[in-house]
Amino acid sequence: MQFFKDLSLSTFVAGFVAVLVGFTSSVAIVFQAAQAFGATPAQISSWLWALGLGMGLCSLGPSLLLRQPVMVAWSTPGAAVLATAGLVGGFSMGEAIGAFMLSAALMILAGITGWFERVMNRIPMEIAAALLAGVLARFGLQAFSAAQTALPLVLLMLMAYLLSRRLAARYAVVITLVVAVVFVALQGQMVWSAVPLELAMPVFTAPRFSVAAAVSLAIPLFVVTMASQNLPGVAVIRASGYDMPVSRLITLTGLATLVLAPFGAFALNFGAITAAMCMGPEAHEDRSRRYTATVSFGIFYVVIGLFGAVITGLLTAFPRELVAAIAGLALLGSIGNGLASALRDEPYREAALITFLVTLSGVVIAGVGAAFWGVVCGSIALFVQQYRRSRAGGG
């Protein structure tokens, strides 16, 4: 009953916006990954079933138990790796499932040993905050670049956001979303598609294990998921002021992936961009009540899992400019807080700025995304500066 007392309209809408942004921005990549292994329509529906239930239950349960906003998502960069490697390697669906299970076993090992959390604990808060700001700033930029193709919509949303921030700050994102939906509906820009009203059904695929699939699929999937998803995900958690059992949660996501992999769940991990929407001040000014946003997120994804085709049609009806704009506006507070924390202390300022810029650049090296390289470059810069300063002091 405490959940219903803590639940508010702003946290509920934060959960919905996180689903809207996360789903519509990457579901096409998931489809491509499934098709790369020759998936049938029934198997693609099963992938959504497995991913939806996995994300939903792994977000909903821990959030209620810990009373903290635990956000679990699918690995978007992992799906991109699979889509590319699947086409090049000509792997079967059974080999892909075997690779998913091997990658999940590696995640479980990372959680049980605690090595990933120990690494994260050694990263200064300023670097983590700069990483967060760099990851989110790209979505902030997309919000305004959407004006190139939908200027009236973006201007209307910006004005609605600014006015509601002044008059009813807690509901600024809610009001902006409602205004935008009404506007595009009146303009006839909602792209409704005919979708079957039916439950998604799981399709079991027996795993096949091969050295080629392990090298080309499992290991890259594990590395990209940890570096490009879990690393910024933990940075969001730390920068938002939460203290969660990271290792146990990584173990949970690995176990959930292992169980659901035969049905199409390729990788479950911490959310980053969507997590910031539910952990930031726009969700609720009271940090202790923001967990209701991720519980709402979890409920939405369970529904997506059960009614995959129906919900896909409904969510993808929103114009992409609306999705980009609402994401950027909803993240303004988190971007500002991240930058303020990153640049607050002069000794860390330059290293944090390097982390921010490298992350913002979106550079991909050796298949690993900018979030990882941002932390690497910032940490090296900090080490050089601190080492030089300590040597000078010692001399």
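# Exercises on a predicted model

Leaving aside neighbours within four places in sequence, Phe318 is in contact with Phe16, Leu20, Val181, Met190 and Val323. The model is predicted. The exercises below start from this residue and move outward.

## Exercise 1. Place Phe318

Task: find where Phe318 sits, and decide whether Phe318 is buried or exposed.

Solution.
- Step 1. Locate the residue. Phe318 is in the loop between α14 (308–315) and α15 (320–330).
- Step 2. Read the accessibility. The relative accessible area of Phe318 is 15%.
- Step 3. Apply the cut-off. Buried means under 20% relative accessible area. Phe318 therefore counts as buried, at 15%.
- Step 4. Look along the chain. Val184 is 134 residues away from Phe318 in sequence, yet their C-alpha atoms are separated by 8.4 Å.

## Exercise 2. Follow one contact to Val323

Task: take Val323, a contact of Phe318, and state which residues Val323 touches.

Solution.
- Step 1. Place Val323. Helix α15 holds this residue.
- Step 2. Test burial. Val323 has 8% relative accessibility, so Val323 counts as buried.
- Step 3. List the contacts. Beyond four places in sequence, Val323 is in contact with Leu20, Val21, Thr24 and Phe318.
- Step 4. Compare the two lists. Leu20 appears among the contacts of Phe318 and among those of Val323.
- Step 5. Check a separation. Pro124 and Val323 are 199 residues apart along the chain, and 33 Å separates their C-alpha atoms.

## Exercise 3. Work around Thr294

Task: find which side chain makes a polar contact with the side chain of Thr294, and describe the surroundings of Thr294.

Solution.
- Step 1. Place Thr294. The residue is in helix α13 (residues 291–306).
- Step 2. Test burial. Thr294 has a relative accessible area of 0%, so Thr294 is buried.
- Step 3. Name the partner. The side chains of Thr294 and Ser63 are joined by a polar contact of 2.8 Å.
- Step 4. Add the other contacts. Setting aside residues within four places in sequence, Thr294 touches Ser59, Ser63, Gln68, Pro69, Val70, Met71 and Cys278.

## Exercise 4. Two residues of one loop

Task: Gln68 and Arg67 lie in the loop between α3 and β1. Decide whether each is buried or partly exposed.

Solution.
- Step 1. Fix the loop. Gln68 lies between α3 (41–66) and β1 (72–74). Arg67 has its place in the loop between α3 and β1.
- Step 2. Judge Gln68. Its relative accessibility is 15%, so Gln68 counts as buried.
- Step 3. Judge Arg67. Its relative accessibility is 42%, so Arg67 counts as partly exposed.
- Step 4. Check the backbone. Arg67 has a phi near 55 degrees, a positive value in a residue other than glycine.
- Step 5. List the contacts of Gln68. Not counting residues up to four places away, they are Ser63, Tyr242, Asp243, Met244, Tyr291 and Thr294.

## Exercise 5. Two helices

Task: check the spans of α10 and α17 against the expected values. Then look for a kink in α10.

Solution.
- Step 1. Take α10 (residues 211–239). Its 29 residues reach 39 Å from first C-alpha to last, close to the expected 42 Å.
- Step 2. Find the kink. A kink of about 30 degrees is centred on Met226.
- Step 3. Count cover. In α10, 21 of the 29 residues are buried.
- Step 4. Take α17 (residues 346–361). Its 16 residues reach 23 Å, close to the expected 22 Å.
- Step 5. Name its buried residues. They are Ala351, Ala352, Thr355, Phe356, Val358 and Thr359.
- Step 6. Recall helix geometry. An α-helix has 3.6 residues a turn, so residues three or four places apart point the same way.
- Step 7. Look past the ends. Gly241, just after α10, takes a positive phi of about 90 degrees. Gly362, just after α17, takes a positive phi of about 75 degrees.

## Exercise 6. The whole chain

Task: compare the radius of gyration of the chain with that of a compact globule.

Solution.
- Step 1. Count the elements. The chain has 18 helices and two strands.
- Step 2. Compare. For 395 residues, a compact globule would have a radius of gyration near 21 Å; the chain has 21 Å, so the two agree.
- Step 3. Add the box. The C-alpha atoms fill roughly 70 × 55 × 45 Å along the principal axes.
- Step 4. Add burial. Of the 395 residues, 56% count as buried.
- Step 5. Add contact range. Among contacts between residues at least 6 apart in sequence, 85% join residues at least 24 apart.

Notes:
Residues numbered from 1 in each chain as written. Predicted model: local features only at pLDDT ≥ 70, side-chain atom pairs only at ≥ 80, totals over all residues. Heavy atoms only, no water. Helix = DSSP H or I, 4+ residues; strand = E, 2+ residues; numbered from the N terminus. Expected span 1.5 Å × (residues − 1). Bend = angle between axes of the 7 residues up to and from the residue. Buried < 20%, exposed > 50% of the residue type's maximum accessible area, 1.4 Å probe, protein only. Contact = heavy atoms within 4.5 Å. Rg over C-alpha atoms; globule rule 2.2 N^0.38 Å. Polar contact = N/O pair within 3.5 Å; in protein donor to acceptor, adjacent residues only side chain to side chain.
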